[in-house]
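Here's a quick briefing for anyone meeting this structure for the first time. Take a look at it, then read on for the pockets, the confidence and the layout.

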Amino acid sequence: MSESPPTAPVCYRHPGRETYVRCTRCDRPICPDCMRDASVGHQCPECVNEGRRSVRPARTAFGGGAAGRHGYVTKALIALNVLLMLLSIASDRGGDAAVGGSGFGGLMGGSTPLTDWGSVLGLAVFPDGTLGGVADGQWYRLVTAMFLHYGVIHLLLNMWALWVLGRSLEANLGPLRFGALYLIAGLGGNVAAYLFSAQNSATAGASTAVFGLFAALIIIERKLGRDISQVIPILVINLVFTLTVPGISIPGHLGGLVVGGAMALVLAYAPRGRRTLVQAAGGAIILLILLGLVLFRTAQLLAG
């Protein structure tokens, strides 16, 4: 009585394909289309997916996602600032949004309808007789002002600084934490401008957030044990410009520096075991303090 020849194994996902290769993890036969390279041999798609689910995603030293090394948030912030500069120029029928205006070498450019709408303004009467400003309920100005600029030179200087500082910080902190740092620093600078500037003085620019990034870079790099000797002179030069060049918001820059530094301390020194909780709570406390300062200044302006 003759024996039937042994049948060749077939791919478990493609029964019509013979194969002599097996998954090194589950030992099921797999065809070339189902092979996934592994450290030893090949694995099937299901085993690869299961392995990915069991591996913890890479995190930075401060708990952020490793995707920060791509600088997506930094690039998105720059793109948003550039887009709003183009819209600002388009809204300006007088044509002085890009160059000219007041300030050192055209640094501050000219105001436009868009900057008039979104800059930090305490309380003022507009040419049409209407009242406006943060104290009048336009709280959005405390956020929009960090994305608007008085002139292309003003924009380019801030975007260059954001590109240099942002990529390093985002890589170390991760996208989410870096984005929070940027927004809280920018908000802190705008709140300081609201507190300490004349009520009819308008200010705008990403400089509030950029100064916060300067402080954060020094704190983060120091925490990582890296040399910061090249960063400090650049910060000092920017502070000298802030204090000597007319038309620059001193409260806005210094406020962004202080609040950005405070947020960076929270991110850098949160205890490892409760890092995310402490970082979120620290950021919330800073926001509550800023809210209290805004309410105080608003009451002060309305009472006056």
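The second largest pocket holds about 220 Å³ of space. Keep in mind that this is a predicted model, with a mean pLDDT of 87 for the protein chain. UniProt, in an unreviewed entry, puts a "Peptidase S54 rhomboid" domain at residues 137-268.

**The second largest pocket**
- Its lining draws on Asp116, Trp117, Ser119, Leu121, Ala124, Phe126, Pro127, Asp128, Thr130, Arg141, Asn200 and Ala202.
- Sort that lining by class and you get 6 nonpolar, 3 polar and 3 charged residues.

**The cavity**
- How many cavities of 30 Å³ or more are there? The count comes to 1.
- The largest cavity has a volume of about 40 Å³.
- Around the largest cavity sit Val120, Leu121, Gly122, Ala193, Tyr194, Ser197, Ala198, Gln199, Ser201 and Thr203.
- That cavity's lining splits into 5 nonpolar and 5 polar residues, with no charged ones.
- Leu121 turns up in the lining of the second largest pocket and also in that of the largest cavity.

**How confident is the prediction?**
- In the protein chain, 90% of residues reach a pLDDT of 70 or more.
- Among the chain's elements, helix H4 (residues 141-144) has the highest mean pLDDT, at 97, while helix H1 (residues 45-54) has the lowest, at 77.
- Residues 100-107 are a spot to watch, with pLDDT below 50. Even so, this stretch has 20 contacts in the model beyond near neighbours in sequence.
- Where pLDDT is low, don't read the predicted coordinates in detail.

**Domains**
- The protein chain is divided into domain 1 (8-52) and domain 2 (68-303).
- Measure between their C-alpha centres, and domain 1 and domain 2 are 54 Å apart.

**What the UniProt record marks**
- The span that UniProt annotates as the rhomboid domain, residues 137-268, is 74% helix and 0% strand in the model. Its end C-alpha atoms lie 35 Å apart.
- The unreviewed entry also lists "transmembrane region" at residues 147-166, 178-196, 202-219, 231-248, 254-270 and 277-296.
- One of these, residues 202-219, is 72% helix and 0% strand, and its end C-alpha atoms are 31 Å apart.
- Another, residues 277-296, is 100% helix and 0% strand, with end C-alpha atoms 29 Å apart.

How values were computed. Residues are numbered from 1 along each chain as its sequence is written. This is a predicted model: local features need pLDDT of at least 70, side-chain atom pairs count only at pLDDT 80 or more; totals for chains, interfaces and linings use all residues. Side-chain values use heavy atoms; hydrogens and water are left out. On a 1 Å grid over the protein atoms alone, a cavity is a set of points where a 1.4 Å probe fits but cannot get out, and a pocket is an open set with protein on both sides within 12 Å along at least five of seven lines; lining residues have an atom within 4 Å of a point. Grid points are joined across faces, edges and corners, and a volume is the space filled by probe spheres set on the points. Ala, Val, Leu, Ile, Met, Phe, Trp, Tyr, Cys and Pro count as nonpolar, Asp, Glu, Lys and Arg as charged, and the others, Gly among them, as polar. pLDDT is the predictor's confidence in each residue, from 0 to 100. Helices (H or I, at least four residues) and strands (E, at least two) are DSSP runs, numbered from the N terminus. Contact means heavy atoms within 4.5 Å. UniProt positions are given in the numbering used here, feature names are shortened, and annotations may be inferred rather than shown by experiment. Domain bounds come from an automatic or database domain assignment.
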